[in-house]
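This tour proceeds by selection: each stop names what to pick in the viewer and then states what is found there. Please open the model and follow the stops in order.

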2 protein chains.
Amino acid sequence: MYKLYDFRPSGNGYKVRLLLTQLGISYEYIEKDILQQETRRPDFLAINPNGRIPVLELEPGLYLSESNAILIYLSEGTTYLPQDRLERAYVMQWLFFEQYSHEPYIATSRFLLHYKARDQPEQYQAIIEQKRDPGYAALAVLEQQLSEHPFLVGNQYSIADIALYAYTHVADEGGFDLTRFPAVLAWLARVAAQPNHLKITQAYAQK
Amino acid sequence: MYKLYDFRPSGNGYKVRLLLTQLGISYEYIEKDILQQETRRPDFLAINPNGRIPVLELEPGLYLSESNAILIYLSEGTTYLPQDRLERAYVMQWLFFEQYSHEPYIATSRFLLHYKARDQPEQYQAIIEQKRDPGYAALAVLEQQLSEHPFLVGNQYSIADIALYAYTHVADEGGFDLTRFPAVLAWLARVAAQPNHLKITQAYAQK
């Protein structure tokens, strides 16, 4: 059985939990609290030298990290990864877009606002403001694509949608106003309506 | 024939040029000067709404962006992308590591030092210093892997090596001291010794 090393509020971890759930794959869940630096301790660095969750233990002692690499691995041969070479290429394009142009702004703003800036808001105000324009730019790229297509690739729900949904649907928790992006909002509803959808854990909000 | 929209000093573009060369695929080269904001103009945004090079035009009007997505697309069915599912998963892991944990520090420091900070060094000193520790952390992850393996995945040269080589081998241009990483240096030499290797254009140094 797979073991997932994860942190409940993480959107990157949520991607993997959502796909595992939709694939009907059961797994053991192992919590690593990044707020307590649990992913920077020697026992975890032996699992992922890069010190980040999620990590999927494929079999005892065999670890795969990087959320989107895990999505690709799990979705091969399923309807969540297109068979068509060109469509698969566009899935990859969106996965890299997510990690480079979206997550560092949308996800990080949520993390800073709900954790770091809670106690020291002044200290993080400048960095959160720097993330605003590139975050909105990423949302605008999504809006353009989704105003013409029901899903990101090939008119069908895929891991590209899972990867982008994870932090987009909680972008408001990072201070982004999603009402500016009606096509994104409609797509979020379509993703949430997929069979066996799973909600993200609202751990930040609970704290 | 493929058309590559690119900027000569870009390591992300260089990845694609290197693989195309090693695959023996000829292509048309179209320069877009990011220093002149040419990738943020309407004609280019119609090609890539995210406003970044490289973009590969697969056939007239059909564009693929994200350097690592292009590497995956071009390498499918070749020795540059492993057939084995697990090895392929680890290639993906390294490609996402590169874009999330390596490029934003190693590549961006090079860009800032050689372009932005040339005229206004004080203005960029703080941001360059912030990138130092995470950049060295990424190099340390590479060092650990390469001290035990000749290449990043499966003891064989793959697109994972191409993706990480691109900015690692010019990390010194971003102020990183590679002599601390002997296994990385030995690997750089192994990559440069591959058949049909291509050098990156040293356009920054020439300016």
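Begin with chain A, and select domain 1 and domain 2 of that chain; their C-alpha centres lie 21 Å apart. Domain 1 of chain A covers 2-75 and domain 2 covers 85-192, the bounds being taken from an automatic or database domain assignment. The model is a predicted one, in which local features need pLDDT of at least 70, side-chain atom pairs count only at pLDDT 80 or more, and totals for chains, interfaces and linings use all residues. Residues are numbered from 1 along each chain as its sequence is written, while chains are lettered from A and ligands numbered from 1 in the order in which they are written.

**Stop 1: between the domains of chain A**

Select the residues where the two domains touch. Eleven residues from domain 1 of chain A and eleven residues from domain 2 of chain A take part in the contact; two residues are in contact if their C-beta atoms, placed from the backbone, lie within 7 Å. On the domain 1 side, helix 1 (11-23) and helix 3 of chain A each supply at least two residues. Helices (H or I, at least four residues) and strands (E, at least two) are DSSP runs, numbered from the N terminus. Helix 1 of chain A gives the most to this side, with six residues. By residue class, the domain 1 side divides into six nonpolar, four polar and one charged. Here Ala, Val, Leu, Ile, Met, Phe, Trp, Tyr, Cys and Pro count as nonpolar, Asp, Glu, Lys and Arg as charged, and the others, Gly among them, as polar.

**Stop 2: the annotated span**

Next, select residues 1-82 of chain A, which UniProt lists, in an unreviewed entry, as "domain: GST N-terminal". UniProt positions are given in the numbering used here, feature names are shortened, and annotations may be inferred rather than shown by experiment. The span is 32% helix and 23% strand, and its end C-alpha atoms lie 26 Å apart.

**Stop 3: the strands of chain A**

Within chain A, select strand 1 (residues 2-6) and strand 2 (residues 27-31), which pair in the parallel sense over five bridges; strands count as paired if DSSP finds at least two bridges between them. A:L4 stands opposite A:Y29 in strand 2 of chain A. From strand 1 of chain A the chain crosses through helix 1 to strand 2, a right-handed β-α-β crossover. Right-handed is said if, with the strands pointing away from the viewer, the path from the first strand over the helix to the second runs clockwise.

Add strand 3 of chain A, which pairs with strand 1 of chain A in the antiparallel sense over three bridges. In this pairing, A:K3 stands opposite A:E57. Then select A:P54, in the loop between helix 2 (42-45) and strand 3 (55-59) of chain A. A cis peptide bond joins A:I53 and A:P54, with omega about 0°.

**Stop 4: a hairpin and a loop in chain B**

Turn to chain B and select strand 3 and strand 4 (residues 62-65), which pair in the antiparallel sense over four bridges. B:L56 stands opposite B:L64 in strand 4 of chain B. The hairpin of these strands has two residues between them, and B:G61 takes a positive phi near 90° there.

Now select B:Q37, in the loop between strand 2 and helix 2 of chain B. Most residues other than glycine have a negative phi, and most peptide bonds are trans. B:Q37 has a positive phi of about 65° although it is not a glycine.

**Stop 5: where the chains meet**

Finally, show both chains: 22 residues of chain A are in contact with 22 residues of chain B. Which elements of chain A each supply at least two residues of the side that touches chain B? They are strand 4 (62-65), helix 3 (67-75), helix 4 (85-119) and helix 6 (132-146) of chain A. Helix 4 of chain A contributes the largest share, ten residues. The side of chain A that touches chain B divides into twelve nonpolar, seven polar and three charged residues.

A turn of 180° and a shift of 0.0 Å along the axis lay chain A on chain B with an RMSD of 0.0 Å, copies being superposed by least squares on the C-alpha atoms of residues with pLDDT of at least 70 in both. That is the relation of a two-fold axis. Select A:Y100 last: its C-alpha is the one in chain A nearest the axis, 3.1 Å from it. The same surface serves both copies, as 100% of the contact residues of chain A recur in chain B.
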